[in-house]
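Let's take a walk through this model together, starting with how its parts touch and ending with a single helix.

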Amino acid sequence: MSTTTTQMAANPCVPDATGRFGQFGGRYVPETLIRALDQLADEYAKVKADDEFQTELTRLLRDFVGRPSPLYHARRLSEHCGGAQIYFKREDVNHTGAHKINNTIGQCLLTLRMGKGRVIAETGAGQHGVATATACAHFGLPCIVYMGEEDIRRQKPNVFSMKLLGAEVRPVTSGSRTLRDAINEAMRDWMASVGDTHYILGSVVGPHPFPQIVRDFQSVIGRETIEQCRGRLGRLPDTVVACVGGGSNAAGMFYPFVEHGDVELVGVEAGGRSDQPGDHASPLTYGKPGVLHGSFSYVMQDEDGQTCDVHSMSAGLDYPGVGPEHSYWKETGRVNYTSCQDMTAMDAFDATAANEGIMPALETSHAVAKAMELARERKHDEVIVVCLSGRGDKDAMEIARLKGVDFG
Amino acid sequence: MSAVDQLFEKLRSEHQKALMPFVTAGDPDVEFTQAVLKEIVGRGAHLCEVGIPYSDPIADGPVIQASYTRALKHKIKLDPILEMLGRATTEINAPVVTMVSYAIVYRHGLEAYCDDVRAAGVDGLIVPDLPVEESPQLARICADRQLSLIQLVTPTTPRERALKICETSSGFVYYVSVTGITGERTELPPDIVENVGWLRQQTSLPICIGFGINKPEHVKLLAPVADGLIVGSAIVRRIAEAAKRPRDTVLREVGDYVTDLLAAF
C-alpha cells in the first residue's frame with residue numbers, strides 16, 4: 001500500500017463493504033470491538049433505508065437544530081476582497097453553535113435503535129462534547145465525555161455547559177492530555193462496555209463505519225447548499241471551501257458536491273505557527289499515510305510510527321490525523337488541500353467580524369482566510385461558498401490571549 | 001515451523017504448560033529490559049512477549065500505557081530495541097514475540113519489520129490492532145520468514161468468527177479473558193473455562209490466555225484448559241519500580257514473582 005500518483009476520478013459510492021475509500025479507511029482496532037462495529041454497520045445500513053428513521057431525523061434537524069441553515073451572501077466581505085462573491089453556509093446558527101449537532105442527533109437516534117442505554121464521546125475543544133451532551137439530554141440518555149486534562153483547562157465554559165446538560169466529563173491524564181488521548185480513552189471505555197454502550201465519535205475518523213456514518217449525517221450541509229444555490233443563483237457555486245481537522249464539516253459539505261466535477265473543492269488544514277513538524281496540524285499537506293485511531297489515512301507520525309505532537313491555535317483543528325475519505329479525495333485529486341497559518345486565520349476572523357457582524361470560530365476562520373485569498377484572484381461573477389462551521393463566541397478568551405488582551 | 005510452534009510441540013509432548021511474561025521494551029531502558037528477559041527465562045518462563053512502546057495504545061490499560069509513556073519519554077526508538085533483542089535472544093533459551101501496533105509495522109514497512117525482527121532472533125508477532133480481515137498480507141510475509149503471526153479471540157468474538165481466526169492464526173491463539181483492556185483483575189469472568197474449552201475442540205493450535213491474570217489462583221484455574229498463560233501488567237508494574245529502587249532488588253522480585261506463578265502450574 002504505497003501512495004500512488006496515478007489519479008482516478010473520485011467515486012461517490014464509497015466506502016466499500018470493508019470500509020475502504022480507495023486504499024484508505026478500513027479497521028485497525030482490537031478484536032474486542034469488531035462485533036460492535038459490525039452491529040453498528042448493520043444497523044446503520046438498515047436506518048439509511050428506513051423512511052421512519054429519516055423522517056424523525058429530518059423533523060429533529062428542523063425543530064431542534066433549526067435547519068435548514070441559511071446561505072448568506074457576505075457582500076461587504078466580498079467587496080473588501082474586491083473579487084468573487086463570498087457566501088457563508090451558516091452552520092454557526094445551528095443549536096449549540098456549530099455543525100457538530102447534525103451528527104450527534106443522528107447517532108443518538110441510532111443508539112436508541114440499537115437498544116443501547118449509555119453514550120460515551122470524546123471531545124477536544126468541547127464542541128462535540130456539548131453537542132453530544134445536548135442530544136443525550138434531549139433523548140434522556142446518560143452521557144460520559146472524555147476530555148484531555150489540558151483541554152479541560154483551556155475550555156472551561158464548555159466543560160461547565162456539558163455538566164449543566166447532565167453529562168459527566170472525565171478528565172484524561174494519559175499521553176498529551178488532548179483530543180488524541182481523549183479518543184484513546186473513549187475507545188478503552190468502549191472495549192469494556194460495548195454490550196450496552198454506543199460511542200458517538202465526533203468526526204469522520206476512526207474505524208469503519210464511523211467515517212461513513214458521520215459523513216452521511218453531516219451531508220445535510222452540502223445537500224442544502226446545492227439546493228439553496230440552485231434556488232438563489234440558478235447554478236452551483238464555482239468553489240466550495242471548508243476547514244479540515246478530523247474533517248467532519250468539510251466531508252459533510254464536500255460529499256454531495258463530489259459528483260459535480262466542475263465545482264472546485266478546497267480543504268484548509270491548520271498551518272499553525274510554521275511548516276516545521278510540531279508547529280502545525282496539516283497531515284494532508286505535510287504528513288504520510290499511516291494508521292491512527294483505527295483507520296488508514298494521512299497522519300503526522302515520526303519515522304517509527306509514533307504519533308507526533310501537533311499545534312493549532314484552534315483546538316478543533318489540533319489533531320494529528322484526518323478522515324480517510326479526505327485522503328481518498330486528495331489522492332484522486334477531487335479536493336485540493338492546503339493549509340493556513342494561525343495569524344492569517346486571525347486576520348480573516350477580524351475581517352469577518354468587522355465587515356459582516358459575524359464572529360466565526362477560529363477553526364472556521366482558516367476556511368474564510370482561504371476563501372478571501374481565492375476571492376481576490378477571481379472574477380466578480382464567480383461564487384465561493386464557505387462552510388461557516390461554527391461561531392466564535394467560544395474562542396473569545398483564546399482570541400483575547402492571542403491579541404495580548406488581559407481582563408485582569 | 002517457527003520456534004513458537006516447536007516450543008508448544010515440545011511442551012505438549014511433556015504435558016507441560018507455558019508461562020509467557022510480557023515486558024515493555026525500554027522501560028526504563030533497553031539494558032534493564034535485557035536483564036529482565038534473562039532473569040525471567042532463567043526462572044523458567046517459556047516464552048517472552050516484548051511490547052514495543054506506542055504513543056496511542058487503545059487496547060492497553062493504565063499500567064502498560066504508563067510503561068510505554070515512560071519509554072517514549074526517554075525517546076526510545078525501534079532500532080535500539082531491535083539491537084537489544086538481538087543481544088537478548090542469544091543469551092536466553094526461549095522464543096520471543098513482539099507485541100506491536102500496526103501503526104509501527106506499517107511505517108517501518110511490513111517486510112522490513114519482519115526481516116529486522118527475524119534478524120534480531122524474534123520468532124513471532126502479536127499485532128493487537130490488526131483484525132483478521134486486514135491481516136492476510138502480513139500473514140504471508142510472516143509465513144515466508146518462519147515468524148508466527150498470533151491472532152486474538154475475545155469474549156465478544158462470535159463463534160463462527162473465532163473459527164476463521166483460528167484458521168489464519170499461527171504459533172498459538174491468544175484468548176483474551178475479559179471484555180476490556182489489559183490490566184490486573186481480582187476476578188476473571190466465570191465462563192472463560194467453558195469458552196476456552198469450546199475453542200479447544202475446534203482447533204489444534206495451542207491456546208494461550210491473557211489479560212487480567214496476576215494471581216497464582218488464576219493460574220490454577222486456567223492452566224488446565226490452556227496451553228499457556230500470559231502475564232503482563234503484573235510484571236510491568238513490578239518493573240516500574242526499577243526507576244525508584246536498586247535494579248538488583250527489582251530484578252529479584254520480578255524473578256520471584258515468576259517463580260511463584262510457575263509453582264501454581
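The report below covers the chain contact, the domains of one chain, one helix and one helix pair.

This is a predicted model, in which local features need pLDDT of at least 70, side-chain atom pairs count only at pLDDT 80 or more, and totals for chains, interfaces and linings use all residues. Residues are numbered from 1 along each chain as its sequence is written, while chains are lettered from A and ligands numbered from 1 in the order in which they are written.

**Where the chains and domains meet**

Between the chains, 28 residues of chain A are in contact with 32 residues of chain B; contact here calls for C-beta atoms, placed from the backbone, within 7 Å. On the chain A side, the elements giving two or more residues are helix H1 (34-48), helix H8 (179-193) and strand E11 (288-292). H8(A) supplies the largest share, six residues. Helices (H or I, at least four residues) and strands (E, at least two) are DSSP runs, numbered from the N terminus.

Chain A is itself divided into domain 1 (22-27 + 35-49 + 100-214) and domain 2 (68-98 + 219-402), with bounds from an automatic or database domain assignment. The C-alpha centres of these two domains of chain A lie 22 Å apart, and 33 residues of domain 1 of chain A are in contact with 32 residues of domain 2 of chain A. Among the elements that give two or more residues to the domain 1 side are H4 (100-113), H5 (127-139) and H8 of chain A.

The table sorts two of these sides by class; Ala, Val, Leu, Ile, Met, Phe, Trp, Tyr, Cys and Pro count as nonpolar, Asp, Glu, Lys and Arg as charged, and the others, Gly among them, as polar.

| Side | Nonpolar | Polar | Charged |
|---|---|---|---|
| Chain A, touching chain B | 10 residues | 11 residues | seven residues |
| Domain 1 of chain A, touching domain 2 of chain A | 13 residues | 15 residues | five residues |

**A closer look at H4(A)**

Because 11 of its 14 residues are buried, H4(A) is largely enclosed by the rest of the structure. Buried means that 20 or more other C-beta atoms, placed from the backbone, lie within 10 Å of a residue's own. A:Ile101, A:Cys108 and A:Leu110 are among the buried residues of H4(A). After H4(A) comes A:Gly115, with a positive phi near 70 degrees.

**A helix pair in chain B**

Helices H2 (30-42) and H12 (247-263) of chain B pack at about 35 degrees, their axes 9 Å apart. Residues making this contact include B:Phe32 and B:Ile40 of H2(B), and B:Leu251 and B:Val258 of H12(B). Axes are lines fitted to C-alpha atoms, for helices over the stretch in contact, and angles run from 0 to 180 degrees between N-to-C directions.

Key. Two residues are in contact if their C-beta atoms, placed from the backbone, lie within 7 Å. A residue is buried if 20 or more other C-beta atoms lie within 10 Å of its own, exposed if 12 or fewer, and partly exposed in between; C-beta atoms are placed from the backbone.
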